[in-house]
Amino acid sequence: MANLGVHKKKNNVEMSKRSSSSSPLSEDLNLDILAFILVRISIEERVGLVSLVCKNWLACVSGPYCWSEINIQDWCQKRDRSIEDVDMVAIKLMKHNRGSFRLLSATKLGITGFIYAAIWGINLKVLKIPMSEVTDKMVERHANSLVNLSVLDISFCFNITSKGIGEFGNNCKALIDLRRNSRYAMAKKVDESEAMVIANTISGLKKLEMCCESFTKLGLEAILTNCTTLSHLNITGCWNVTLEGDVLDKCLNLQFFNDP
């Protein structure tokens, strides 16, 4: 796969030698068991050198066996990857999986990558796409395909507003973990809209991260009142929030709490 790293020549030679005489163990090993082993290898090696070992290994990494979890966060962050590169790699891995992946994690996923994830993501439970280019319009069109989502990370997704969050909330009723971190709260005007839409549409949350957001005690109180199963809350950097009275008591009673 292009752009997934350059491997040393020595390693290529060693893998080529192995491919010429496959061991009986690798040929006979059940693909599910082999995948359980190969998922512990880096993605670069899985799509590159691993396929040279033998036909069985090639079949394993070419099919869905190794790709129930598509996590390319580390690869995305090694360099300043373009949105086009991230989409290309994510889509290729989703095609390998043939629509049965349960996790997709990629920084700077583009609109095309998100559309593919929605189309093929009926089994998707964890979607982590910080710094994505996804828009409210795309969420509105495709959130109804992501009904099994339980974990969603849309931190630093600046084209998604309270409207997009509401679409996720109205369509993804299994959501229990939401990460919606931002930045520079001190430079923002007070805005309760995201906190309110979370309180009104995602009341089953257990974990919530909203660092550096611009809501106040009013928005926090709505979340604490409606999200009765909430146990983990991180509002670091939310400088507009004043903790006092019942709101403070509820926060301190949570299992995990990071205050502003």
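This report walks through the core, two helices, one strand residue, the salt bridges and the cysteines of a predicted model.

## The nonpolar core

The largest nonpolar core has 58 residues. Within this core, F168 and L233 have the most contacts. Eight named helices each supply at least two of its residues: helix 6 (73–78), helix 7 (83–97), helix 8 (111–120), helix 9 (136–142), helix 10, helix 11, helix 12 and helix 13. Helix 7 gives the largest share, 6 residues.

What surrounds L233? Leaving aside residues up to four places away in sequence, L233 touches L208, L220, L224, C251, L254, F256, F257 and N258. Two of these contacts, L220 and L224, are among the buried residues of helix 12.

## Helices 11 and 12

Helix 11 spans residues 193–201. Its buried residues are E194, A195, V197, I198, A199 and T201. They pack against helix 10 (162–171), strand 5 (177–179), strand 6 (207–209) and helix 12 (217–226).

In helix 12 the buried residues are G219, L220, A222, I223 and L224. Their cover includes helix 11, strand 6, strand 7 and helix 13. An α-helix has 3.6 residues a turn, so residues three or four places apart point the same way.

## H232 in strand 7

H232 sits in strand 7, which runs over residues 232–234. Beyond residues up to four places away in sequence, H232 touches K206, K207, L208, Q255 and F256. L208 and F256 also appear among the contacts of L233.

How far is H232 from E209 in sequence and in space? The two are 23 residues apart in sequence, and their C-alpha atoms are 8.1 Å apart. The side chain of H232 also makes a polar contact of 2.9 Å with the side chain of S231.

## Salt bridges

The model has 3 salt bridges. One joins the side chains of D177 and R179, at 3.2 Å from N to O. D177 is buried, with a relative accessible area of 8%.

A second joins E194 and R180, at 2.9 Å from N to O. E194 lies in helix 11 and R180 in the loop between strand 5 and helix 11, so this pair ties together parts that are 14 residues apart in sequence. Are these partners buried or exposed? E194 is buried at 13% relative accessible area, and R180 is buried at 6%.

Another pairs K217 with E244, where the closest N and O atoms are 3.4 Å apart. This pair links distant parts of the chain, 27 residues apart. K217 belongs to helix 12, while E244 is in the loop between strand 7 and helix 13 (245–252). K217 is partly exposed, with a relative accessible area of 26%. E244 is partly exposed too, at 40%.

## Cysteines

How many disulfides does the structure hold? The count is 0. C212 is in no disulfide, and the nearest cysteine sulfur, that of C211, is 6.2 Å away. The cut-off for a disulfide is 2.5 Å between sulfur atoms, so a pair at 6.2 Å does not count.

C212 is partly exposed, at 23% relative accessibility. C76 is buried, at 6%. Another cysteine, C251, is among the residues that L233 touches.

Note on methods:
Residues numbered from 1 in each chain as written. Predicted model: local features only at pLDDT ≥ 70, side-chain atom pairs only at ≥ 80, totals over all residues. Heavy atoms only, no water. Buried < 20%, exposed > 50% of the residue type's maximum accessible area, 1.4 Å probe, protein only. Helix = DSSP H or I, 4+ residues; strand = E, 2+ residues; numbered from the N terminus. Contact = heavy atoms within 4.5 Å. Polar contact = N/O pair within 3.5 Å; in protein donor to acceptor, adjacent residues only side chain to side chain. Salt bridge = Lys/Arg side-chain N within 4 Å of Asp/Glu carboxyl O. Core = buried A, V, L, I, M, F, W, Y, C linked by side-chain atoms within 4.5 Å.
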